[in-house]
Amino acid sequence: MQPPVLAPARAVLEATDLVKTYGAGDTAVRALDGVTAAFAPGEFTAIMGPSGSGKSTLLHCLAGLDTPASGSVRIGDTEISRLGDRALTMLRRHRVGFIFQSFNLLPALTAEQNIRLPLDLAGRKPDPGWWDTVITSLGLADRLRHLPSQLSGGQQQRVACARALITKPDVIFADEPTGNLDSRNGAEVLGFLRASVRELGQTVVMVTHDPVAASYAGRVLFLADGRVSGELRAPTPQSVLDYLKRNGE
Amino acid sequence: MMRSALASLRYRKARLAASSLAVAAGVAFVTGTLVMGASMNAAYFSGFAAGAKNVAAAVTPRSSGNYRPGSEDAPWVPASVLTRIGSVPGVTAAAGRLVGQAPLLSDSGKVIRNGEVPGIGINLAADPALRGFTVASGHVPASAGQVAVDMATAADEHFRLGQRVRVVDHGGRVRAFLLVGTIDLGANHEFGNSTVTVFQTATAFSVTGRPGYDQVVARAAPGVSQAALTARIRALPGMSAYQVQTGAQLATAEADSAAHFTQQFTTAILIFAVIALAVACIVIYNTFTILVTQRGRELALQRCVGATRRQVFGEMLLESLAVGVIASAAGVVAGLGLGWGLQRLFAGFGASVPSGPVVLSPSTVVIAMVTGTLVTVMAALPPARSATRVAPVAALGSQHEQPESARIGWLRAAVAVVFTGAGVLVTDNGMQNVGGRSGFVEIAAGGCLCFVAVLALGPVIVPPVITFLGWLPGKLAGATVRLAAANARRNPHRVAAATAALTIGLTLMTVFTVVISSAQASSDQQITEHYPFDYIVQAGHGGQLVPPRVISALAASPALGAVAPLYDQQATVNGAGRTDVGAIGRRAFGMSIQPAMVAGSLAAVGPGVAAVDSSQLTRLHTGLGGTVVVSTPGGAERLRVGAVYDGGSHSVMPGVLLSVPDFTRGFRPAGAQEVFVNRAPGASTPASRAAVDAAVASDPLLTVSTVADYKAALSNTVNRVLALFGALLGLALLIALFGIANTLTLSVIERTRESALMRALGLTRGQLRRMLLAEALFMALLAVLLGVGLGAAFGWAMVDAFIKSAGGGVISIPFAEIGLFAAIGTAAALLASVLPARRAARVPVVSAMADVG
């Protein structure tokens, strides 16, 4: 496997000197303490770190769900850290996809309606060719009319993947996407994410604490105490474990 | 468990606030009704107590029963009785009290009327302690040419002391007096809101034409008891012809008879209070059901750590008890204000209700508190029972919501089938049963039964109706509306219960509007069809008549055509007493008065020939070609029945119609009751109106009205009634809105994570707010559809039954009013969704996502 090009000419997602604090005064906690990171187009990056290292906060700030105290986040040509609520909403709708650990789907909508939701909200129709590609590759064709409560956990996460992909976003953010799945279903979802990067040129940023999940990525960023503490290219489960052991975890 | 219940109450105060509001509103309505009734009673009592102030003994005519103050045929106590009572040992002072007609004129020369009633006159008792009023300004009349007027009238008419005021005496003459004072009747409601003029006693007799006093009262010397004095007076010779009471009896007896009216009145309003409480009950039931559903995991956790079913049940009941007590207390406080407001409202609508201080009796507090608390606890019982069925294992399961099935239990299905069947049968029966009054009762009962069936079927009706309602807007308005429709469909039970309250309000309003509007249309139609006269000249209340010179002046005017006087008198006919006998000028028939003829023609009516209303035939044992014998002061008149007509229910036609010559010969009337006047052909409306006004100008007591005035007065009354009931039902509507706001708020809380997910996926704040607005809109439309549908159907059934029993009338569906109700209901539901929507939109995305429930 070829490592991705170093120092990409133009990163699709870039964070510079991000700081995020919770609380105030003596009890203030710096969840992010000057994080700088760049993500190249078509790259699958995993973010790892112990609990409280700030990895979820970083993901939320990168995705425009949360605003940093200082520093900047750029997606494509857009500086998002100073956007208002409406602009951020439009950015999430059109240029970002999400996969969460749980509660990914609206219980009142069928699988198909859930997948189309971001397009529906924008008043757009899906591109038929792209729709078929996504549905077929995720094997959801015979599940489209089902409600989330009638789907297994793995199927629900696959619906969430389809929903994230359908808008052809600049970046897909995944927050512990396999946290609630057994290993076989987890592998299936991760394999799909990797395939979307390799075959469709998608950019994916995933937070995980599982070395096996991280090994599906092309690069692992390690976070500790709100700072980037290291990076690993072309990881394997073993190399990730070794790194974690070396750094006292 | 107590501690746990209270802790949970504190924790959820926001969620419980809304349901508490619903309870409080219902209790407030009940309290308000009771407070109003008690206050009105108290006002009556204090009013009559004012009349009985300082009175130790009172002598009134027997059978003084029901007559208007001042009516001429009321029995009286002669002045000689006053003289004799004044000389009874132990009497410090005695006074005769006189009440009679004394229409006061405004400066413009018109009779001052309060409602329809012209002013009355009272005399000035010699003993100031036995006067039922106090002097507000100036002084009491000191000579025969002076008068005092009640302060409200003086203020309304801008009278100044020292000016001349004019009064029409019983002979129809206008007499001028010097206004020297104004009086304050205080809490004395004996005269309602009438204009009251005080004369010296002799003047009062000559103005009112009363032959004696209405009441003679006596004040006791110190140390003489009321009972002793009353016994002495009763022992006087000839007193058995009068009723002799102590002052205390006088106050109580008269107040009691007056309070009877108050009671009927409060009973009617209490029905609305019960409706309000029923609506509140539905809201409470719904709230607790949602709370139990949302707390499923928490309750399961309690069961996991060892809480028994009984403990869970007890906790829920304790919660509802606390809510019931607190909300009822708040409702009682609010009800005090409402009672005051209702009194003002009714006074504003012209009902002559007495006003006075607001009275809160202990029984009111007890009834309101117990009802409110009991209703709350009862409403919480079913949800509390289902709370005990939460399995402990539910605490560990995933929090994915199971779709609620629209399937209904066999009980619900059975209730729906049985009630629909019974409702339709009873209604149909009521519609067939056209003879009696019970038809309406049956239709009303059938309506209630069908309503229960609709409530039971609610969860089944909701999903398809919402799908139907949401189809077109969903196509047009896009994702937010489609999401709203999906959300409204997902809890059919909840939505059905939330809208039930609004449905009740709208159903009642629609039924009511259809009935009232049809009644108005029917009488309009009857007026137009049967009485196409241009003007009616009417005499005032209290036995005044249209004098013959006015009738001849009208007949002489070239601008006027047919002029037909109507004479009317109660008399014994064929042995049947109190039969309505009358005569109408011949020129009226065919031109202005065209009653439906059953047999013969009115042209036959002439000397020796009468016509009879068909409804009187059985009572008088006669028929076409038969005879009627009318007892008149001039002797018995024997007449042949030459025609039979059907006057209808809004008729001016008497029971027995004589020719005018026969009538005047027999009864010798001083004038006509009414005169019907038509324009001369070719005369303009202003010219004919001026001619009529000129003819009556010398008699300020006469009023002139046109058919348009008639209809306007009628529709004015109808609109007042509608507004009044609208205001009453509005409260039920208000409670229903608490219900919708409540359901939406709880749904918003329940869907916090869902909303956050949608916001993460690109739903703007505005879209989120619009989505909830649309959801409220769907609920409102559902209620409008059901309420207006049911209301129109049963309103129509009632009117139809009425038309069959009355033998005529029209059904009028007032689309504009119903549309207005629908719009108000919808707008109000949207309003109810504003706060929950804002709340949902305010939640930041990340914190809601992190809040793993």
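Is A:D225 counted as buried, exposed or partly exposed?

## A loop residue in chain A

A:D225 counts as partly exposed, because 14 C-beta neighbours lie inside 10 Å. This residue sits in the loop between β9 (219-224) and β10 (227-233) of chain A. Its phi is near 50°. That is a positive value in a residue other than glycine.

## A loop residue in chain B

B:R668 also deserves a look. Its phi is positive, about 45°, although B:R668 is not a glycine. Find B:R668 in the loop between α17 (660-667) and β22 (674-679) of chain B. B:R668 is exposed, with 10 other C-beta atoms within 10 Å.

## How far to trust the model

This is a predicted model. The predictor gives the complex an ipTM of 0.82 and a pTM of 0.65. Chain B has a mean pLDDT of 78. In chain B, 83% of the residues reach 70 or more.

One stretch calls for care. Over residues 398-403 of chain B, pLDDT stays under 50. The model has 10 contacts beyond four places in sequence for these residues. Where pLDDT is low, the predicted coordinates should not be read in detail.

## Where the chains meet

The contact takes 23 residues from chain A and 22 residues from chain B. On the chain B side, four elements give two or more residues: α13 (479-490), α20 (752-760), α21 (765-806) and α23 (845-850). Of these, α20(B) gives the most, with five residues. By class, this side of chain B has 10 nonpolar, seven polar and five charged residues.

## An open sheet in chain A

Four strands of chain A form an open sheet. Their order is β2-β1-β4-β5, and the pairing is antiparallel. β2 (29-39) and β5 (78-79) of chain A stand at the edges. Each has a single partner strand, so one side of each is left without a neighbour in the sheet.

Now take one edge. Two bridges join β4 (residues 70-75) of chain A to β5(A), and the two strands run antiparallel. Here A:R74 stands opposite A:E79 in β5(A).

## Pairings of β20 in chain B

Follow β20 (residues 635-646) of chain B through its pairings. With β17 (residues 596-600) of chain B, the pairing is antiparallel over four bridges. The bridge partner of B:A596 in β20(B) is B:D646. With β18 (residues 609-613) of chain B, β20(B) pairs in the parallel sense over five bridges. There B:V612 stands opposite B:V644 in β20(B).

β19 (residues 627-632) of chain B runs antiparallel to β20(B), and six bridges join them. B:V629 has B:R638 in β20(B) as its bridge partner. A hairpin joins β19(B) to β20(B) through two residues. In a regular strand the side chains alternate between the two faces of the sheet.

## Nonpolar cores

The largest nonpolar core holds 208 residues. Those touching the most other members are B:A25, B:A276, B:V279, B:A280, B:I735, B:I740 and B:M779. The largest share of this core comes from α21(B), with 23 residues. Recall that α21(B) also gives residues to the side of chain B that touches chain A.

What does B:I735 touch, not counting residues up to four places away in sequence? Its partners are B:A22, B:A25, B:G26, B:A276, B:V279, B:A280, B:V283 and B:A501.

There is also a second, separate core of 106 residues. Its members include B:A562, B:V612, B:V660 and B:V677. B:V612 has appeared already, opposite B:V644 in β20(B).

Key:
Residues are numbered from 1 along each chain as its sequence is written. Chains are lettered from A and ligands numbered from 1 in the order in which they are written. This is a predicted model: local features need pLDDT of at least 70, side-chain atom pairs count only at pLDDT 80 or more; totals for chains, interfaces and linings use all residues. Two residues are in contact if their C-beta atoms, placed from the backbone, lie within 7 Å. Ala, Val, Leu, Ile, Met, Phe, Trp, Tyr, Cys and Pro count as nonpolar, Asp, Glu, Lys and Arg as charged, and the others, Gly among them, as polar. Two strands pair if DSSP finds at least two bridges between them. A residue is buried if 20 or more other C-beta atoms lie within 10 Å of its own, exposed if 12 or fewer, and partly exposed in between; C-beta atoms are placed from the backbone. A nonpolar core is a set of buried Ala, Val, Leu, Ile, Met, Phe, Trp, Tyr and Cys residues joined through C-beta atoms within 7 Å. pLDDT is the predictor's confidence in each residue, from 0 to 100.
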